[in-house]
Amino acid sequence: MGNILEVKDLNVFYGVIHAIKDISFTVGEGEIVTLIGANGAGKTTTLQTITGLIKARSGEVIYNGDNITQTPGCKLVGRGLAHVPEGRRVFADLTVYQNLMLGAFTRKDSQAELNKDLEVIYTRFPRLKERLDQPAGTLSGGEQQMLAMGRALMSKPKMILMDEPSMGLSPIYVNEIFDIIKKINEDGVTVLLVEQNANKALSVANRAYVLETGKIVLEGDAKKLMTDPQVKAAYLSE
């Protein structure tokens, strides 16, 4: 299988600050690829640039064979590219059910098809089914993360970008979220994962890129990087 995503010579600025510096990387169809790095390394900026929330100064983003560098983010969901943002960003005043249905906003399927996919979400996230009529803002952090992931899956994506899915969660929820990420990938969805918990990210990923101050400084097989002295010293707790 070929690459579903190619980032080529990408440069991003915040005013005069050069946040992303000429980075290039690929994600193969069916892979889990992770970007790891310290706070401020440029991980979130990279994801937001791919999905059109931030404009690149130069470079290209190729998704599924098409140049999407200048494509508005609102048009990418319908093309199979979903983004689970840092901090969950659920619609707090809407119910769990309403949040999930917003994920399907761009779809043209019948209600029967949507209901079928909702049942899949309920099977994967049973807590959400128990809380369908509950305002999303009253859920725990782990439950909100599940809702954000379920909402993205309701768009029937080919690829999901996940930004810090374990942030602020208890260890039990962290393990559960990463188990779900693996299952989503096993179901055929490609995953680009940004995660500060480098141990967890590398344990589920096929390949990894290490970002430092906006540059890719290391890349390779995720399991091999777990034993790399440079990575172990900087990102993996002993």
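**Exercise 1.** In this predicted model, identify which residues are linked with Arg107 in a network of salt bridges.

*Solution.* Begin from the arginine and look for acidic partners, since side chains of opposite charge can pair when their charged atoms come close. Asp109 and Asp117 are the residues that join Arg107 in the network. A search of the whole structure then places this network in a wider setting, with 11 salt bridges found.

**Exercise 2.** Determine which parts of the chain are linked by the salt bridge between Asp187 and Arg124, and decide whether Asp187 is buried or exposed.

*Solution.* First, check the distance: the closest N and O atoms of Asp187 and Arg124 are 2.0 Å apart. Next, locate the partners, which belong to distant parts of the chain, 63 residues apart, with Asp187 in the loop between α6 and β8 and Arg124 in helix α3. Finally, Asp187 has a relative accessible area of 55%, and because exposed means over 50%, Asp187 is classed as exposed.

**Exercise 3.** Work out which side chains meet that of Arg131 in salt bridges, and how exposed each residue is.

*Solution.* One partner is Glu130, at 2.9 Å from N to O, and another is Glu143, at 3.1 Å. Glu143 lies in helix α5 and Arg131 in the loop between α4 and α5, so their pairing ties together parts that are 12 residues apart in sequence. As for accessibility, Glu143 is buried at 7% relative accessible area, Arg131 is partly exposed at 23%, and Glu130 is exposed at 61%.

Key:
Residues numbered from 1 in each chain as written. Predicted model: local features only at pLDDT ≥ 70, side-chain atom pairs only at ≥ 80, totals over all residues. Heavy atoms only, no water. Salt bridge = Lys/Arg side-chain N within 4 Å of Asp/Glu carboxyl O. Helix = DSSP H or I, 4+ residues; strand = E, 2+ residues; numbered from the N terminus. Buried < 20%, exposed > 50% of the residue type's maximum accessible area, 1.4 Å probe, protein only.
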